[in-house]
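User: I would like to learn how to read a few features of a protein model. Please take them one at a time.

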Amino acid sequence: MYLHRIRTVEPMTIERVLKYSEQELSKWDLEHLWHPFTQMKEWSAQGPLFIVRGEGNYLIDIDGRRYIDGVASLWANIHGHAREEINQAIEEQLKQLAHSTLLGLSHPASAVLAKRLVEIVPMGLKRVFYSESGSTAVEIALKIAFQYWQNQGYKEKRRFICLKEGYHGDTLGAVSVGGIDLFHEIYGPLLFETIKLPSPYLRCKGAGLPLAEGAGLCASDLEQVLEKEHQHIAAFILEPLIQGAGGMLPMPPGYLRAAKKLCDEFDVLLIADEVATGFGRTGRMFACQAEGVSPDILCLGKGITGGYLPLSATICTEDIFQAFWGDYEELKTFFHGHTYTGNPLACAAALSSLELFQNDGTLEQLPSKIEALEKGLSKLQRLSPVGEVRQVGMMAGVEIFEDAQQRRPYPLEMRVGHKVCMAVRKHGVILRNLGDTIVILPPLSITLHELDQIINAVEAAIHEVCGGK
Ligand code: PLP
């Protein structure tokens, strides 16, 4: 009877899914879906926007409306949507093998990608551990750092230093080293204790120092903690150059280099979380390269597959890897792994994305785009509700205030940042806000004209929502 039922059901192909009416889809979305980082009451009032297709830097909705993907499908898309080369790489891999485990087996795409990654990441990073999300890449980094010291007999080195306003994902380890109260505070009782240093950006602001002169001050905060606590510290984790989800908060130039030097001096590992900044986002392949820093552990995600499939990588030095090397009964093994670790389709997409970096000259084209974004931001800066614009490479935030001069924020319940992002849609752009900071973070393949369109849309939306000049 059960088998009979299965045979009579129409196959659930993509065409079949698209045959449903928007009303039906909306009903099922509202009845059954729970969207991430979303107050579902608010969601149910506005109704879902169904994206059915991607084409270049555009997303296309169920009614055929086109939107510039101004948030790169959550900071992941690099070369645009539906790139033939990436699609083909995935299809070719799919014909061979969709998935097989890396636990006890290997497959070619995972080995080739590991070699390619090691060729392009900062010097000294040599061993690639795959998983599927930025959060798991961070969990793995934390566990590796912890066990690195345990395996060598330094049982007391078990604490982590991290930064206020830091964001490393939503699993509990990643939340423990996070520093955004709005997202993280409620889970306090579930988390391990960390030492949280001030956000370098806010520290400089608080001290009235221009960012360009703030590296020394922020480094001395770190030095003081290390001097006192280094015997108990396993690692310091940070997002290099810019704290993303914390509100697009740039770091003082030189801070990353100073932090690495201090970590080396005090025998503490440096974990660079480049889940957001990696793969060209800040203007170089990796943000660490801007300051000539090789972290001990590097976390990559989001753009690793060009934004096509879930994959992440935690890459560490040979020295760290060697601390896990031994006979089985020594119990130094890293007992960690996920079902889809190093999925072949995702690895194939990642390899194709890396090829596109070369063939498209992605990095070579960035300076003019970064400059155009800077110009656009300075135009937005002149709007009266805009208190501040912040940018590192192709990552930018536009912060709006009820009173920008006094830096008085809008009341939380007004949801002004969210409203601006909703208004932007009417102008054919998809953006997301972090509080009242409007994030602009398009695919790296964005054109100068499309960048202009994003800026104009933000300008119009701010006028509509906040008024002002
Ligand atoms: N680390 C950083 C710096 C991030 O920005 C993010 C996501 O925004 C993460 C980790 C978590 O990545 P994921 O959402 O893939 O778990």
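User: Is Cys316 buried or exposed?

Analyst: Buried means under 20% relative accessible area, exposed over 50%, and partly exposed in between, with a 1.4 Å probe and protein chains only. Cys316 has a relative accessible area of 5%, so Cys316 is buried. A word on the source: this is a predicted model, where local features need pLDDT of at least 70, side-chain atom pairs count only at pLDDT 80 or more, and totals for chains, interfaces and linings use all residues. Residues are numbered from 1 along each chain as its sequence is written, and side-chain values use heavy atoms, with hydrogens and water left out.

User: How many disulfides does the structure hold?

Analyst: A disulfide is a pair of cysteine sulfur atoms within 2.5 Å. The structure holds zero disulfides. For Cys288, the nearest cysteine sulfur is that of Cys299, 10 Å away. Cys316 is likewise in no disulfide, and its nearest cysteine sulfur, that of Cys299, is 10 Å away. Cys288 is buried, at a relative accessible area of 0%.

User: Which residues have polar contacts with the ligand?

Analyst: A polar contact is a pair of N or O atoms within 3.5 Å; within protein, one must be able to donate a hydrogen and the other to accept it, and residues adjacent in sequence count only if both atoms are side-chain atoms. Among them are Gly134, with a backbone N or O atom 2.8 Å from a ligand oxygen, and Ser135, with a polar side-chain atom 2.5 Å from a ligand oxygen. In the side chain of Lys302, an N or O atom is 3.1 Å from an oxygen atom of the ligand.
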